[in-house]
Each structure stands twice: as C-alpha cells, then as structure tokens.
Amino acid sequence: VVDNWYTFSSPDYFNPICNNNYADVPVNLFGYSQAKHGNSYAGIGFYQKGNEMKEYIYQQLSTTLDADKVYCINFFVSRTERSTYATKNIEVYFSASSPTMPNGYYIVSTPHVIKQNSFITDTSQWTQIQGCFTANGTEQYITIGNFNSNANTDTLFIGTNNPIPFYGDFSYYYID
C-alpha cells in the first residue's frame, strides 16, 4: 500500500467524503466507478489530442530498492466513461530522485513497467496492470503515468455518449 502520493500537472483524487459532482465516488465529473479496494481512487490524464500535457502521481519509497533484486508491481485501472480515447501507455517508472518534467509537458524517461499489449477500454471493470523489473539499487521513487509524446502514445478512439465539452478528446483512467 502506498499513500501520500505527490502529483505533476493536475491528477485528481476521488473520495466519497467529497460530496460534490466533481470528485465524489462513485459518481464524479469523469463518470461512474466504485473503488476496486477501499473507497477512494486517483484519476490521471494519459493523453489529450492536440495537447502534449500528461498527468502523473509519484511517491517516495520507504527504502531504496536493492541492486539486482527483482521487484514486481500491480495496480488496477478503469477507463472513465466520459473519456473518448483508450490507451496502452499506462506505465511505471522507478527513479533515484524525485521526477522532473523539464519540457513542461511530460516526463521523458524509459519506464520499467511498460505499456500493455492491448488497449484498456473497459469502463465498468477494473483492469490489472502488473510487471516486474530488476533494480539497479538507486531507485527511491515510483511514478505512474505516460512517458511518451502524443506521437509515440498508442491510442484508440472510442467516443462517448456523454463527453465533457471543455475537455475535448482525451484518455483518462481511474487508478486504484
């Protein structure tokens, strides 16, 4: 369990205590979803047509990872009902220092757990993201997001019956 996440850009935190239409659970600005575990989840924009800006959540680990040891991660995502695109680029990056976004739009790094084999289109069920990697022994932070330009992001237009007018075409997922 990882708590006290930090953010880049403006990812969202959804909790039933919010009692508003924007950040409530299960109904919020982006659609409807019960939490997979507990009662809260985060939301991240992985792609927006015509805009390179990506959103991230990151956390400092409690200890530095051990060199040459294999680490595995798993978490769950669900595409929101009001997003118009699906993506494969839901990725995880481990770093020695706090991540930076030098170009102002997205973190330019090679993720350790990379995109999925198929587009994650489901809006009613949670899809498990999992992967393993061998640490080099300097990793102290975990970051979840899309580490690619729009040109290098795999997207699939799905459309929606209930678009968010001021968001345009985008890919947004709940993360639990």
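**Entry 1: charges.** I located the mean positions of the 8 positive and 14 negative charges of the protein chain and found them 8 Å apart. I note here that the model is a predicted one.

**Entry 2: fold and dimensions.** I counted the secondary structure of the protein chain and obtained 13 strands and zero helices. Reading along the sequence, I recorded the pattern β-β-β-β-β-β-β-β-β-β-β-β-β. The radius of gyration came to 16 Å, close to the 16 Å of the globule rule for 176 residues, so the protein chain is as compact as a globular protein of that length. For the C-alpha atoms I noted a box of roughly 50 × 35 × 30 Å along the principal axes.

**Entry 3: burial and contacts.** I looked up burial and found that 49% of the 176 residues count as buried. The exposed area of the protein chain is about 8800 Å², of which carbon and sulfur atoms supply 48%. I then took the contacts between residues at least 6 apart in sequence; 82% of these join residues at least 24 apart.

**Entry 4: cysteines.** I searched the whole structure for disulfides and found one. Cys72 and Cys132 form the disulfide, with their sulfur atoms 2.0 Å apart. The pair links distant parts of the chain, 60 residues apart: Cys72 lies in strand E7 (residues 70-79) and Cys132 in strand E10 (residues 127-134). I read a torsion of about 105° about the S-S bond of Cys72 and Cys132, so I entered the disulfide as right-handed. Cys72 is exposed, at a relative accessible area of 57%, while Cys132 is partly exposed at 46%. I also looked up Cys18, which is partly exposed with a relative accessible area of 31%.

Note on methods. Residues are numbered from 1 along each chain as its sequence is written. This is a predicted model: local features need pLDDT of at least 70, side-chain atom pairs count only at pLDDT 80 or more; totals for chains, interfaces and linings use all residues. Side-chain values use heavy atoms; hydrogens and water are left out. A disulfide is a pair of cysteine sulfur atoms within 2.5 Å. Helices (H or I, at least four residues) and strands (E, at least two) are DSSP runs, numbered from the N terminus. Buried means under 20% relative accessible area, exposed over 50%, partly exposed in between (1.4 Å probe, protein chains only). The radius of gyration is taken over C-alpha atoms; the globule rule is 2.2 Å times the number of residues to the power 0.38. Contact means heavy atoms within 4.5 Å. Accessible areas come from the Shrake-Rupley method with a 1.4 Å probe; for residues, only the protein chains shown count as cover. Lys and Arg count as positive and Asp and Glu as negative; His and the chain ends are not counted. The place of a charge is taken as NZ of Lys, CZ of Arg, CG of Asp or CD of Glu.
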